[in-house]
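Hello,

Here is the structure I promised to pass on to you. Could you open it next to this message as you read?

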Amino acid sequence: MDIKNKVALVTGAGKGIGRAISLALAREGANVAVVSRTAKDLHSLSREIGDVGRKALIIEGDVTRESVIRGFIKETATKFGGIDILVNNAGVGRFGRIESLSTQDWDDMFETNLRAMFLCIREALPHLKKKEESIVVNIASLAGKNAFATGAGYAASKWGVMALSKCLLLEERDAGVRTIAVCPGSVDTRFFAHESLPNPNREKILKAEDVAQATIDAIKLPQRAMVSEIEIRPTNP
């Protein structure tokens, strides 16, 4: 896909991987709708998108609310004339042993990491399918293919992301919609602030920009080619 003049929508765009992908898309020529619960982060991001000559649509909203998702999908398509690229990045991590993990923490992860992704895809598909080529990028995790102690809820939600991605690929490939599941390993973001997770060497693990670059490279492949899954991890963490 030639990204120039395409319309992208990125959830969880305020920080980390979402922010890096939003900026990378803008640098490739896309106009970008950016969604986050924190308006301050979005205004800063919008200025950076404007600095590279592209338009940004700021949408402050909670992706766990179905009405909010319907609203920002409609607003993006109305303002920019459609949607070509959907990046489902919004996600949360709550960690603890199964015997002590609260129901609320479990529900928070499934509502944000999986249910919201399903809703975004479902609501965006009518717009994506109007295009000759379009792409859905789902940010999963290596935890969506592996297990680790204290990660039951997080890993289960990300395994769900992988299943959702594979089903979407099979259902919509004939309509010209490509699906990419991106599975990062350790990334230098605020994710590792949780006390139950090991404190990594932040100079050796991935940067958000590395994940963004891999994602952009996959998007830019011609329509006849699809990278359905990306595993990206630190070389020597």
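Below are some notes on two helices, a helix pair and a few single residues.

First, the ground rules. This is a predicted model, in which local features need pLDDT of at least 70 and side-chain atom pairs count only at pLDDT 80 or more, while totals for chains, interfaces and linings use all residues. Residues are numbered from 1 along each chain as its sequence is written, and side-chain values use heavy atoms, with hydrogens and water left out.

Let me start with α2. Helices (H or I, at least four residues) and strands (E, at least two) are DSSP runs, numbered from the N terminus. Helix α2 covers residues 39–51, and its 13 residues should span 18 Å at 1.5 Å a residue (the expected span is 1.5 Å times one less than the number of residues). The C-alpha atoms at its ends are 19 Å apart, which agrees. Its buried residues (under 20% relative accessible area; exposed is over 50%, partly exposed in between, with a 1.4 Å probe and protein chains only) are D41, L42, L45 and I49. Down the axis of α2, these fall within an arc of 90° (taken from the directions from the helix axis to the C-beta atoms), so they line one face of the helix. They pack against α1 (16–27), β2 (31–36) and β3 (56–60), where contact means heavy atoms within 4.5 Å. The face turned away from that buried side carries the exposed residues K40, R47 and D51. After α2 comes G53, with a positive phi near 85°.

Next, the helix pair. Helices α4 (residues 103–128) and α5 (residues 152–172) pack at an angle of about 15°, with axes 8 Å apart (axes are lines fitted to C-alpha atoms, for helices over the stretch in contact, and angles run from 0 to 180 degrees between N-to-C directions). The two are therefore roughly parallel (angles under 35 degrees). Among the residues making the contact are W106, F110 and F118 of α4 and Y154, V161 and L164 of α5.

Helix α5 also holds M162, which is buried at a relative accessible area of 5%. Leaving out residues up to four places away in sequence, M162 touches A140, G144, A181, C183 and E229. M162 and E229 are 67 residues apart in sequence, yet their C-alpha atoms are 9.0 Å apart in space.

Finally, some backbone angles. Most residues other than glycine have a negative phi. N5, in the segment before β1 (7–11), has a positive phi near 70° and is exposed at 51% relative accessibility. T150, in the loop between β5 (134–139) and α5, has a positive phi of about 75°.

Best wishes

Key. Angles under 35 degrees count as roughly parallel, over 145 as roughly antiparallel, 65 to 115 as roughly perpendicular and the rest as oblique.
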